[in-house]
Every structure is written in structure tokens, then in C-alpha cells.
Amino acid sequence: MTDPTQLDARGLLCPLPVLKARKALKPLPEGAELLVLADDPAAVIDVPHFCTEAGHTLLDQSENGAHLEFRIRKGG
């Protein structure tokens with residue numbers, strides 16, 4: 001298993017973390033993972049909703065100090 005692609009969206013406010021995640025996932029092959037780092041409190045709602053609507057799988061969501069981490073598997 002390879003390390004996921006990482007997207008640092010810290011310092012960005014809604015809807016930018018989701019828009020940047022969408023752009024980062026686009027060139028990745030189906031099944032690839034993206035790790036999104038965000039510190040916008042709205043990301044707790046926005047990222048899971050984005051995954052559901054776009055057909056991706058939210059593998060994990062956690063807090064790491066002052067930011068949130070979302071591990072997303074690209075769906076097809």
C-alpha cells in the first residue's frame with residue numbers, strides 16, 4: 001500500500017478545502033487515497049458531505065493538534 005497523496009488546506013475557509021480536494025482527486029486513479037489537512041471548522045460537515053455526493057469513501061476523520069485530517073478513497 002502506498003502513502004496517500006496529501007493536500008494541505010489549512011488556512012482555507014469553506015468551500016475551498018472541498019474544492020481543492022475535488023481538484024486533487026481528479027487525476028488520481030480509482031482507489032487512490034487523499035489525505036486532506038484542514039483547520040476550517042466547517043470541514044467536519046463539508047468533507048463527509050462531499051465524499052457522499054461525489055461517490056468517494058471517507059476512510060477516516062480525526063483531529064491532529066490544531067487541524068483536522070480526512071482520509072478519502074477515490075470512488076469510480
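This note goes through the strands, the nonpolar core and the charged side chains of the structure above.

1. The model is a predicted one, in which local features need pLDDT of at least 70 and side-chain atom pairs count only at pLDDT 80 or more, while totals for chains, interfaces and linings use all residues. Residues are numbered from 1 along each chain as its sequence is written, and side-chain values use heavy atoms, with hydrogens and water left out.

2. Strand β2 is a useful place to begin (helices, H or I with at least four residues, and strands, E with at least two, are DSSP runs numbered from the N terminus). Of the 6 residues of β2, 6 are buried, where buried means under 20% relative accessible area, exposed means over 50%, and partly exposed lies in between, with a 1.4 Å probe and protein chains only. In a regular strand the side chains alternate between the two faces of the sheet. Here E33, L35 and L37 point one way from β2, whereas L34, V36 and A38 point the other way.

3. The pairing of the strands (at least two DSSP bridges between them) can be followed from β2 outward. Strand β1 (residues 5-8) runs parallel to β2 and is joined to it by 4 bridges, with L7 having V36 as its bridge partner. β2 and β4 pair in the antiparallel sense over 6 bridges, and V36 stands opposite F70 in β4. Strand β3 (residues 57-64) pairs with β4, also in the antiparallel sense, over 7 bridges; the hairpin of β3 and β4 has 2 residues between the strands, and G65 takes a positive phi near 70° there.

4. V36 and F70 appear again in the largest nonpolar core, which has 17 residues and in which V36, V47 and F70 touch the most other members. Such a core is a set of buried Ala, Val, Leu, Ile, Met, Phe, Trp, Tyr and Cys residues joined through side-chain atoms within 4.5 Å. The elements giving two or more residues to this core are α1 (16-25), β2 (33-38), α2 (43-54) and β4, and the largest share, 4 residues, comes from α2.

5. E69 deserves a careful look, as this residue of strand β4 (residues 67-73) is buried yet has no salt bridge, the nearest side chain of opposite charge being that of R71, 6.4 Å away. For this purpose Lys and Arg count as positive and Asp and Glu as negative, while His and the chain ends are not counted. The side chain of E69 does make a polar contact of 2.8 Å with that of N64 (a pair of N or O atoms within 3.5 Å; within protein, one must be able to donate a hydrogen and the other to accept it, and residues adjacent in sequence count only if both atoms are side-chain atoms).

6. The count of salt bridges comes to 3, each being a side-chain nitrogen of Lys or Arg within 4 Å of a carboxyl oxygen of Asp or Glu. R71 and E33 meet at 2.7 Å, N to O, and this pair links strand β4 with strand β2, 38 residues apart. R73 and E33 meet at 3.7 Å, so that pair ties together parts that are 40 residues apart in sequence. E33, R71 and R73 are thus linked in a network of salt bridges; E33 is buried, with a relative accessible area of 11%, whereas R71 is partly exposed at 26% and R73 is partly exposed at 35%.

7. One backbone feature remains to be noted: a cis peptide bond, with omega about 5°, joins C14 and P15, and P15 has its place in the loop between β1 and α1.
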